[in-house]
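Biologist: Could you walk me through this protein at a level that suits a first-year student? I would like to take it topic by topic.

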Amino acid sequence: MNKDAKRSADANDLSASDTLWRRLRRTTKFSLKLYGSASRLALGQSRWIAASAVLGVFSLGLVGTGIAALVAPYEGVATASLTAERAPRVVATSTTGVTAVAAAEIRPATDDIASPSVVVALDDGQADTADLRTASIGDPGLFDPLTEERLAEEAAAIPAEPQPAEVVVTLESGQTLMEVLQNAGIDRIDSYHAVAALTTHFSPRKLRAGQEIALTLMEQPDAIAEGESGTPAKYLASLSLEPDLERVIEVTRNSDGSFEGRETLHEFTEGFVRASGQIDNSLFLDGERAGVPVQIIAEMIRMYSYSVDFQREIQPGDKFEVYFSRKFDQANRPVKEGDVHYASLTVGGKVHKLWRFDPGNGEWDYFDENGQSMKKFLMKTPIDGARLSSGFGMRKHPILGYSKLHAGVDFAAPRGTPIYAAGDGTVKRANYFGSYGNYILIRHANGYETAYAHLNGFARGVKTGSRVRQGQIIGYVGTTGRSTGPHLHYEVHVNGKKMNPLALKVPTGRKLEGRELAAFKAQRETLATQMAEAPTATRVAQAATSSSGAN
């Protein structure tokens, strides 16, 4: 039993040894194969690298040999001084096989200046002559001449500089400044920044239809704009506009591409003009015939509307006189009307004289010869050039057909005639109001209210809650609501009761006293002297007279 176990153990040991040996032999054989493969691969790569190196050296040798063969015929050639009128393109040629060139001499040919000859001395004592021709400007070469034609061609090849182009565009109704600039071909970003620079001095919202805007555009004649329009590329260099006669607003592009706004004020001189005449039709028509500007006539009507009823009191044969200031430009041309300094209106034989005077607090007014202000609490007629078509009281209504109290007065006038606020106050109502149509109600001090009906429309900025001053335009004559034609229906309410506007007695303005009255009388004497020296309005209208009496 023990022997069998021993034999079994020996057999197991033998089996284990054989297994280990077989594994070792397989591992050794695999390692040798792997090493052999690596060695063959390494030797193969080495042979390839060596072969590549040999081929590279051989190629470099061939290149060097080729270069040497090309250069050899010209070895030793000295640089010649080219004194011919045109430089030759070929330095030396030979049909007999030149082995070496010692020297070269260039001289013009006697028969053809354009084809100079080159005489070369050869090493064997023989001489050879080669006719050389110069190349044209278009031919390639080392010694191309800089002729005027070639310089002109090179200059033409240089891109042209952008050229300025002046354009004047007009603002259409409903357009914005941004739209105008973009329609002119200006980039949207440039348009935005230009408008932003303009707003530092003037709000584009104040521009009106018909405003002209001068643009300076830089255009590239040879460039093609982006897109398919094919128009030349352009960008904005500057813009300018004159919102009124007294100033110019300019926007210019800086060197860094940004925009900067600038305001320039025109320099005007002030002179005085006088005019007088007789009223045969109306103050407006006869004043124009006498050379009085429309603005001055409107101011005269406003300043006398507190005490004179232009619809009923003015009669043929009445007279007027006015003395006003006027501004002149550097060429002595009248460009703008100024203020009325004196006016006289004779109505029914009674003379009404008014002088403009500022007591010193900036609140100027018109005063009569006694220093009494003609300004009253309410204007007697808040409309110019109108006809009184219906008074205050009971009447047969033209539409309803029965008698009814007409609680106001009617002034017939063309559609669109301006309507003025009768006094300072606050707009209590500005909307469509039943049979009154477009209607404005203004609340004044001391329980007074004024109403304006049948308007065609409201003036800009007039709305419920807005403040208005006496003489300010608040609306325009129309025929809205229950109306038979264009007219103004005007009412005055005192503590809620409707009163007759034409019969109402309203308080007058201030009266000058003491030092103020003395200063006023002194100014009157000064104006009398200036009026005697001032030109008449008719002569100024016919020719640009000098600003006589300028101060």
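**A talk through the model**

Modeller: Let me start at one residue on the surface: Asn-446 is exposed, because its relative accessible area is 62%. Please keep in mind throughout that this is a predicted model.

Biologist: Where is Asn-446 placed in the chain?

Modeller: Asn-446 sits in the loop between β20 and β21, the latter covering 448-458. Its phi is positive, about 60°, although Asn-446 is not a glycine.

Biologist: And what about Asn-495, which loop holds that one?

Modeller: Asn-495 belongs to the loop between β24 (487-494) and β25 (497-499). Phi of Asn-495 is near 55°, which is again a positive value in a residue other than glycine, and Asn-495 counts as exposed because its relative accessibility is 65%.

Biologist: Since this is predicted, what pLDDT does the protein chain average?

Modeller: The protein chain averages a pLDDT of 74, and 64% of the residues score at least 70. Among the elements, strand β20 (residues 438-443) has the highest mean pLDDT, 95, whereas strand β1 (residues 101-107) has the lowest, 41.

Biologist: Which stretches stay under 50?

Modeller: One of them is residues 539-551, where pLDDT stays under 50 and the model has 30 contacts beyond four places in sequence.

Biologist: Changing topic, how many salt bridges does a search of the whole structure find?

Modeller: The search finds nine salt bridges. In one of them, Arg-326 is joined to Glu-337, with the closest N and O atoms 2.9 Å apart. Arg-326 lies in strand β10 and Glu-337 in strand β11, so this pair ties together parts that are 11 residues apart in sequence.

Biologist: Are those two buried or exposed?

Modeller: Both Arg-326 and Glu-337 are buried.

Biologist: Which partner does Arg-356 have?

Modeller: Arg-356 forms a salt bridge with Asp-339, and their closest N and O atoms are 3.8 Å apart. This pair links distant parts of the chain, since Arg-356 is in strand β12 and Asp-339 in strand β11, 17 residues apart. Arg-356 counts as buried because its relative accessibility is 15%, which is under the 20% cut-off, while Asp-339, with a relative accessible area of 35%, is partly exposed.

Biologist: Which residues are linked in a network of salt bridges?

Modeller: Asp-244, Arg-247 and Glu-263 are linked in such a network. Within it, the side chains of Arg-247 and Asp-244 meet at 3.1 Å, N to O, and Asp-244 counts as partly exposed at 31% relative accessibility.

Biologist: Now the rings, please: how many aromatic pairs does the structure hold?

Modeller: The structure holds 11 aromatic pairs. Phe-433 and Tyr-439 form a tilted one, with 5.0 Å from centre to centre and 55° between the planes. The rings of Tyr-436 and Tyr-439 have their planes at 45° and their centres 5.0 Å apart, so that pair is tilted as well.

Biologist: Is Tyr-439 buried or exposed?

Modeller: Tyr-439 is buried, with a relative accessible area of 5%, whereas Phe-433 counts as partly exposed at 30% relative accessibility.

Biologist: Which rings are linked into a cluster?

Modeller: Ring pairs join Tyr-342, Trp-355, Phe-357, Phe-367 and Phe-520 into a cluster.

Biologist: Let's turn to helix α6, which of its residues are buried?

Modeller: Helix α6 spans residues 294-304, and its buried residues are Ile-296, Ile-297, Glu-299, Met-300, Ile-301, Met-303 and Tyr-304. What covers these buried residues includes α5, β10 (318-328), β11 (334-347), β12 (350-357) and β13 (365-367).

Biologist: You mentioned α5, so what sits on the surface there?

Modeller: Phe-284 is found in helix α5 (residues 283-289), and together with Leu-285 and Val-294 it makes a nonpolar surface patch of about 230 Å². Phe-284 counts as partly exposed, with 36% relative accessibility.

Biologist: One last residue: what does Arg-253 touch?

Modeller: Not counting residues up to four places away in sequence, Arg-253 touches Asp-190, Tyr-235, Leu-236, Ala-237, Ser-258 and Phe-259. Arg-253 is found in strand β7 (residues 247-253) and counts as partly exposed at 24% relative accessibility. Arg-253 and Ser-238 are 15 residues apart in sequence, yet their C-alpha atoms are 6.1 Å apart in space.

Notes
Residues are numbered from 1 along each chain as its sequence is written. This is a predicted model: local features need pLDDT of at least 70, side-chain atom pairs count only at pLDDT 80 or more; totals for chains, interfaces and linings use all residues. Side-chain values use heavy atoms; hydrogens and water are left out. pLDDT is the predictor's confidence in each residue, from 0 to 100. Helices (H or I, at least four residues) and strands (E, at least two) are DSSP runs, numbered from the N terminus. Contact means heavy atoms within 4.5 Å. Patches are made of residues with over 30% relative accessible area and no salt bridge: like charges are joined within 9 Å, nonpolar side chains (Val, Leu, Ile, Met, Phe, Trp, Tyr) within 5 Å. Accessible areas come from the Shrake-Rupley method with a 1.4 Å probe; for residues, only the protein chains shown count as cover. A salt bridge is a side-chain nitrogen of Lys or Arg within 4 Å of a carboxyl oxygen of Asp or Glu. Buried means under 20% relative accessible area, exposed over 50%, partly exposed in between (1.4 Å probe, protein chains only). Rings of Phe, Tyr and Trp (its six-membered ring) pair if their centres lie within 6.5 Å; planes under 30 degrees apart count as stacked, over 60 as edge-to-face and the rest as tilted.
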